[in-house]
Amino acid sequence: MQGETGRAKLFTRRAVILGGAQTLLLAGLAGRMYQLQVLESDRYKTLADDNRINMQLLPPPRGRIFDRFGQPLAVNQLNYRLVIVPEQAGDLERSLDGLGVLIPIEARERERILREAQRKRKFVPITVRENLTWEEVSRIEVNAPDLPGTMIDVGQTRHYLAGEEAAHIIGYVGAVSEKELEGDPVLALPGFRIGKNGAEKIFETALRGKAGSRQVEVNAYGRIIRELRRNEGQPGDDHILTIDMGLQEYTNARISHESAAAVVVDVHSGEVLALVSSPSFNPNSFTTGISQTEWNALMANPRFPLTNKAISGQYSPGSTFKMMVALTALDGGIVNPSQEVFCPGHMELGNRRFHCWKRGGHGRMNMNSGITQSCDVYFYEVSKRVGVDAIAKMARRFGMGEKSGIELPSERKGLVPTRDWKLAVHGVPWQKGETLIIGIGQGFLLTTPLQLAVMTARIANGGIAVRPKLVRETQRVGRRLPDSREPFPSMGLSAVHLAIVQKGMSDVTNSLRGTAYRARIEEPGMAMAGKTGSVQVKRITKAERERGVRKNEDREWKDRDHALFVGYAPVDSPRYAVSVVVEHGGGGSKAAAPIARDILREVQRRDPARRGPEENIHLDTAAVV
Amino acid sequence: MVARESLDGGRAGMSLLQRLLQINLILVLLICLPALVGFAMLYSAAGGEMEPWAARQIIRFGFGLVIMFGVALIDIRFWLKSAYIIYAGAFALLVGVELIGDAAMGAQRWVDIGPLQLQPSEIMKIALIIALARYFHSVAIEDIKRISVLIPPLVLILAPAALVLRQPDLGTAGLLAVSGTMMLFLAGLRLWKLGVAFAGLLGAIPVAWQFLREYQKTRILTFINPESDPLGAGYHILQSKIAFGSGGIFGKGFLGGTQSHLNFLPEKQTDFIFTMLAEEFGLAGGIALLLLYFALIAYGSMISLRCNSQFGRMLGMGIVTTFFLYVFINMAMVMGLVPIVGVPLPLISYGGSAMLTLLFGFGLVLNIYIHRDVQIGRRQHHVRA
């Protein structure tokens, strides 16, 4: 047991040392408490009073949108807001009474403010009124000493300088919906707006930029004492569109009385110079919240002002499609351009009779006169020989049946029917007669005005597969961002074949027998080429035909034909392509061709200026925020 | 004393009633007092509500007391015999969390066994002390000098500590290592050897640094200079000091801690509960709690010293030392003296696992008091009259 006793003694000795050490350490803790709570207490008490560290998000200024020459289309305006902090205001009701003398506060607004004050924490500012005028701001500022807890807060509101005239291109911003709240925390800021339509929607992320933040220490009353950290974030990228706002305005003015769409593209670059859908709407109504009356009026309008007809309106191309049929025949080597077809005014297939638009018939037609006079029977015959699938293939090469990829939301892709498509979708085989109808651009065939403009551009530029684009360049804080877009490939079409079609289109406007001769451009060097189209909206019954087809003007608006025209100019060295669709406008040569002519003339007149600055466009950052 | 002498012959088998009567009520009282303080603070942390913390903590404490008495009443030789089995079981669970544990708060610490969530590292704290107590119980004083004798206890300490560090739980790993070292010290290990071991540990720091997670590194780095980054990782320390210091001598009153209630104080119901107490009751309250803890530690140490068997002594002192380490690390942590390592304030912080571990441990302290006169041989675990 000697060992056992020794062990106990050693243990006791060690335990006492350990206990002593523990006691010392605990005493050390007591000393630290004394230091913190007595010696340094005052300092920490002050810190505690000042101690409310807040993180605030700094919404980035939204990227601006300009036209190709740097004319501002969408900018941010300063929005003066009156906010009130309940904690500082003391008696909120009395404060509101006081404010009511200076600026009118509706009873409903008053209720909302009081309700918000109850829900939110006392030091959170509540918006009393937005969009204050300068006069109102100064009235409040002058009386500030008598209005405890009120502050003028400056925010930014989107303003569309282009208004209705570019509403379909630029779109508009609106409040963030519940569904869109994910991701970026800046979206949750009160009053934050995001793109809901047009370029504003498509370029949302780039336009929005990255939110900055600052961390501030605020005192018990919510007043900021000091800024601890600040991260400026990154302002949204400025977008310079390909649009020429002057041309856009002109085009608008030209078609605004119709339900119509018009698109102008540069045949080499694919740059969209004007893209108009009529009627339009005022995008500024959306930024501050549209009124119910205005919304209802927009929704009830039978001409659908909210729809961008240039990219989501789908129309049968009518006779403007005949170039596709001609090219199919030439490309396949099936028809010789000088080969003639006799047009007696109709064509028989099986037991059905297919009529030409000219009741008496055109007589002997070759490819050039077929296009120039838009003879239906000629194209019935050609399409019967080449077949629908070959036509469809050609139409697809020209960009139909698929989205063009323009930087706008809700583009539709149209429809290019084939035999397989009909069997798959309708479950019945293709009828031979349907090929004939496709041959004159009707039936199942659907295209958008933008597709028609692209088709025309591809014919005019000698078979380069241009695609439309809406953005010329983007700038981040004044510096041009690299453009990764590649040059367009050739479509591999024969120049000879294209020249035949181009000649036909030129004769449409420039030869006496052409369907749009009356809409020709007479200014030297500006002459245009084109093709008319009229699309039946309602089937003409046999009885009606026998009675004599009523003229468009005598029919109800919604029963009239759609009028179409596609064209390019100048005819010798094409630069601009245009497509015009006038819903229920009647005949293409009467309703659409003059519009297209005026637009092509205008764009050429603007030409010298249009070349404009190719270099980095310097945006005036000072003038518009 | 008389009663005990009369039982002398039958010490091998005290009846349950006899053991029950031997329960040290002073120790029980000293355990209950901090727990009561804890309930009050949890009530305050919830803004003057029993839910969600105080009520559950009371239930847990009651459940823990039952376990404590159960542990106390079992014969001390059972604990001696099962020491290594308990250790092995705890170690197996620790390995288990590596395989099946859920990651909670970025750290893999929990094992689900049916409805029960267990924190094996907590069990290991007690199991390590039991195992080391048994080991040194069986080693003769002359043998302590031999280096080879030190290898098994070092393995016993380092193996679980390494596993816990991997989880990663810096606080618990450190606690295991330090309380193990304290056991070596109590066992009579030469001081210079401890010195060598300590030097070795210092040398291992750069190696261990590699294994630390990013957040652990920032914790240590910001501890060195918390004010450099008042909103990042230094936030907790700074906020804790502000709340602490603003309490002053008598505090802001019960339920009156502005910093705590405005949520500037992080984890006020767990790791930072002492800050809240200090804010509400000031220096007076802080010192009072410190004295309560001191009384419990001192009294527990006395019980251990009074014990006749080396196993009992080592066990009791080991548990009291672990308890001390909890108290010291937590308080030093919230006062900005050591890095934030996530060690709760024993008997007060909200949390089931630590509470059960501690009460289990105090059950063992009660146990060695009941069995203070039982003689246990070094090798054969039978009674020596």
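Where in chain A is the place of A:Pro279? A:Pro279 sits in the loop between strand S12 (272-278) and helix H11 (284-287) of chain A. Helices (H or I, at least four residues) and strands (E, at least two) are DSSP runs, numbered from the N terminus.

This is a predicted model, in which local features need pLDDT of at least 70 and side-chain atom pairs count only at pLDDT 80 or more, while totals for chains, interfaces and linings use all residues. Residues are numbered from 1 along each chain as its sequence is written, and chains are lettered from A and ligands numbered from 1 in the order in which they are written.

## Backbone features in loops

The table lists cis peptide bonds and positive phi values.

| Residue | Feature | Loop |
|---|---|---|
| A:Pro279 | cis bond from A:Ser278, omega near -5° | between S12 and H11 of chain A |
| B:Pro52 | cis bond with B:Glu51, omega about 5° | between H3 (25-45) and H4 (54-73) of chain B |
| A:Phe304 | phi near 45° | between H12 (292-300) and H13 (309-312) of chain A |
| A:Val477 | phi near 45° | between S17 (471-476) and S18 (479-480) of chain A |

A residue is buried if 20 or more other C-beta atoms, placed from the backbone, lie within 10 Å of its own, exposed if 12 or fewer, and partly exposed in between. A:Phe304 is partly exposed because 16 other C-beta atoms lie within 10 Å. A:Val477 has 11 such atoms within 10 Å and is therefore exposed.

## Chain A: core, helix H23 and A:Arg110

A nonpolar core is a set of buried Ala, Val, Leu, Ile, Met, Phe, Trp, Tyr and Cys residues joined through C-beta atoms within 7 Å. The largest has 121 residues, and A:Ala262, A:Val263, A:Val578 and A:Val580 touch the most other members. At least three residues come from each of domain 1 (56-241) and domain 2 (256-268 + 309-523 + 532-606) of chain A, with bounds from an automatic or database domain assignment. Two residues are in contact if their C-beta atoms, placed from the backbone, lie within 7 Å. Leaving aside residues up to four places away in sequence, A:Val580 touches residues including A:Ala260, A:Leu564, A:Ala592 and A:Ile595.

Helix H23 (residues 588-605) of chain A has 13 of its 18 residues buried. The expected span of a helix is 1.5 Å times one less than its number of residues. For H23(A) this gives 26 Å, which agrees with the 24 Å between its end C-alpha atoms.

A:Arg110 belongs to helix H5 (residues 107-119) of chain A. This residue counts as partly exposed because it has 17 C-beta neighbours inside 10 Å. Beyond residues up to four places away in sequence, A:Arg110 touches A:Leu96 and A:Ile105.

## Chain B and its contact with chain A

Chain B has 15 helices and three strands, and 48% of its 385 residues are buried. The axes of helix H7 (residues 147-166) and helix H8 (residues 170-187) of chain B come within 8 Å and cross at roughly 170°. Axes are lines fitted to C-alpha atoms, for helices over the stretch in contact, and angles run from 0 to 180 degrees between N-to-C directions. Angles under 35 degrees count as roughly parallel, over 145 as roughly antiparallel, 65 to 115 as roughly perpendicular and the rest as oblique. H7(B) and H8(B) are therefore roughly antiparallel to each other.

Between the chains, 42 residues of chain B are in contact with 33 residues of chain A. H13(B) gives the most to the side of chain B that touches chain A, with eleven residues.
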